[in-house]
Amino acid sequence: MSKLKELRTPVFWAEGHPGKLNREGWVIEVSGFCANPRTFTWQELVALPKSIADARLTSVTRFSVRGRWGGVKVADLLNAVQAGPEIQYIRFWSYRMIYDTAIPMEVALRDRTLLAYEFDGELLDEDYGGPVRGFCPYLWGYKSAKSVVKIELMDRYLSGFWEQRGYPDDALITAGKVRDMNEGGRLRPIPNGEVIRFLDE
Ligand SMILES: Nc1nc2c(c(=O)[nH]1)N[C@H]1C(S)=C(S)[C@@H](COP(=O)(O)O)O[C@H]1N2
Ligand SMILES: [Mo]
């Protein structure tokens, strides 16, 4: 059983569970405002420098799970495609192209924003967005698209799956209580204005 499952991390697939996915045959397209649009195969992706982000995935539905997320920094990926100066937002598309969400370039460039394929040293399975998912601990979890097949580098904002259904476009994590999955679902406060510190708690 995966660590995320052991922690009883909820599994969200608003568009329906994708079933078994082919990790070795996985391909991610990166296109839009860049000099070198291209695809990354699973093999090409894992050959890029690996970064570990010790951080929390925190859902607006009030759960939070912390661990060592491993993958490629979105910033490194943007370098690899020679991202253009026009880029304002990065949009992630999930398998089947039903679920999408976009994050501001400034957030995409932060240290712990990843294209993640691991949690605590284990490869992500389909339940938790494997083979490769967006991971952005700075914003509510709906900005961390699962099983990503396409990344669009955009000069403007377009609201995604949940944003069109009423969740805030900025997805800023707000003060309140969340169930901490690392502590069996115990309620943990997110203090006002201290979200960055909360990431490390
Ligand atoms: N493709 C896809 N990605 C998604 C979602 C989804 O329904 N479909 N749910 C989002 C939400 S609301 C959250 S909180 C996290 C939950 O991640 P988990 O299912 O791995 O716990 O995934 C996000 N990414
Ligand atoms: Mo969520």
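In which loop is the place of Arg96? In this predicted model, Arg96 is found in the loop that runs between strand 5 (89-94) and strand 6 (100-104), and its phi is near 80 degrees, a positive value in a residue other than glycine. A second backbone feature concerns the peptide bond from Gly130 to Pro131, which is cis, with omega near -5 degrees; Pro131 is placed in the loop between strand 8 (122-123) and strand 9 (133-135). Both features depart from the general pattern, because most residues other than glycine have a negative phi and most peptide bonds are trans.

The surroundings of ligand 1 were examined next. The space that ligand 1 takes up is the largest pocket, and 20 residues are found around the ligand, of which Pro10, Ala14, Glu15, Arg133 and Lys146 come nearest. By residue class, this shell divides into 12 nonpolar, 5 polar and 3 charged residues. Three side chains among the nearest residues place polar atoms at short listed distances from the ligand: for Glu15, a polar side-chain atom lies 2.8 Å from a nitrogen atom of ligand 1, whereas the side chain of Arg133 has an N or O atom 2.8 Å from an oxygen atom of the ligand, and the side chain of Lys146 has an N or O atom 2.4 Å from an oxygen atom of ligand 1. Taken alone, ligand 1 exposes 530 Å², and 98% of that area is buried by the protein.

Charged pairs within the protein were also considered, and a search of the whole structure finds 16 salt bridges. One of these joins Glu29 and Lys150, whose closest N and O atoms are 3.8 Å apart. Because Glu29 belongs to strand 1 (residues 27-32) and Lys150 to strand 10 (residues 148-154), this pair ties together parts of the structure that are 121 residues apart in sequence.

How values were computed: Residues numbered from 1 in each chain as written. Chains lettered and ligands numbered in written order. Predicted model: local features only at pLDDT ≥ 70, side-chain atom pairs only at ≥ 80, totals over all residues. Heavy atoms only, no water. Near = heavy atom within 4 Å. Polar contact = N/O pair within 3.5 Å; in protein donor to acceptor, adjacent residues only side chain to side chain. Areas by Shrake-Rupley, 256 points an atom, 1.4 Å probe, with all protein chains shown as cover. 1 Å grid on protein atoms, 1.4 Å probe; cavity = no way out; pocket = protein on both sides within 12 Å on 5 of 7 lines; lining within 4 Å. Sits in = over half its atoms within 2 Å of the grid points. Nonpolar A, V, L, I, M, F, W, Y, C, P; charged D, E, K, R; others polar. Salt bridge = Lys/Arg side-chain N within 4 Å of Asp/Glu carboxyl O. Helix = DSSP H or I, 4+ residues; strand = E, 2+ residues; numbered from the N terminus.
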